[in-house]
Amino acid sequence: MAGEGHHGGVTAVPTADPVAADRPAVGPAATDPGTLEALAGLVGDGEVVVLSGAGLSTDSGIPDYRGVTGSLRRHTPMTYQTFLRDPRGRHRYWARSFVGWPQIREARPNAGHVAVADLQRAGLVAGMVTQNVDGLHQAAGARDVVELHGGLDRTICLSCGDVADRGELHERLRAANPHFGPHVDEVNPDGDAELPDELLDGFVMVDCRACGRGPLKPDVVFFGETVPRDRVDICFAMVEQAGSLLVLGSSLTVMSGYRFVLRAEKLGIPVGLVNLGPTRGDAKVDVRVDAPLGSVLPDLVRRVTA
Ligand SMILES: [Zn+2]
């Protein structure tokens, strides 16, 4: 389903949203104490289901190409269809990804990730869903995180289904490409670096360690790819049982996350949202805080655990 996933380096972002446009925004878009107190009231009631997006990881050096600081819109989109059908496109993806992987691997959780893990340890979180593929929630100590769009820490073989460790693949790629490693300044959220075409020919891709064929694909949902149905159903079931839904750092641009807000709204489950900048869901939420997550979330933890 087009527009479902988004981990191919998407540049085209839908801006018109007739659903949200017909309702006025609710609540003040500010960090005034009243709004934070309202958010703390929501979260303090417990049974919170967290839905997080790229905005939570920007403080960890992983760019949010849809947020206010997005700077990667020139990046050529890699769709699932291109990845499957175009060997050259696949080769380009893996060459860029080889160069960009160390930056993703070395990223560390920030205060926002730590705060979410603290909320979970305090017993207030009933479920965690992330659209991020960087593993930083888990690195901060969160448990039972559903990775809606998969994770960059592993690969899957499209021939035999073997799931392998990405770090191990990186070592195999390093052995096959001892002199390939141009300096790059920017990495997109897929761990996929800008790289001139003329460099790509020198890159050597390796095959699946299990079947000797492939191709290998990062175990993430690409733009134009459908999130596995059983994974979606698990998330819907969590949202339907939630005391509240807490959206963190997502502009809710893609339906793959936005549909959970719509489901919560339909069921009368309150929705809180913390994001820097406007989101598609602004008219649908009960409490909205427009501020940096790295300061709001630790404050939130202090309020609900005091
Ligand atoms: Zn294989």
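1. Strand β2, residues 125-130, pairs with β3 in the parallel sense, over 3 bridges. One of the residue pairs is easy to name: Met 128 has Val 145 of β3 as its bridge partner. Note that this is a predicted model.

2. The pair belongs to an open sheet of 6 strands. The order is β3-β2-β1-β9-β10-β11, and the pairing is parallel. β3 (145-147) and β11 (287-289) stand at the edges. Each has a single partner strand, so one side of each is left without a neighbour in the sheet. From one strand to the next, the twist averages 15°.

3. Helix α10, residues 255-267, packs on this sheet. The helix touches three strands by name: β1 (48-52), β9 (244-248) and β10 (271-274). The direction of α10 makes about 150° with that of β9.

4. α10 also meets helix α9, residues 229-240. The two axes come within 10 Å and cross at roughly 35°. The crossing of α9 past α10 is right-handed.

5. Which residues make the contact between α9 and α10? From α9 come Cys 235, Phe 236, Val 239 and Glu 240. From α10 come Phe 260, Arg 263, Ala 264 and Leu 267. By class, the residues of this contact divide into 6 nonpolar, no polar and 2 charged.

6. For viewing, start from α10. On the sheet, α10 touches β1, β9 and β10. Towards α9, α10 contributes residues including Phe 260 and Leu 267.

How values were computed. Residues numbered from 1 in each chain as written. Predicted model: local features only at pLDDT ≥ 70, side-chain atom pairs only at ≥ 80, totals over all residues. Pairing = 2+ DSSP bridges. Helix = DSSP H or I, 4+ residues; strand = E, 2+ residues; numbered from the N terminus. Axes fitted to C-alpha atoms, helices over the stretch in contact; angles between N-to-C directions. Contact = placed C-beta atoms within 7 Å. Left-handed = near helix turned anticlockwise from the far one by under 90°. Nonpolar A, V, L, I, M, F, W, Y, C, P; charged D, E, K, R; others polar.
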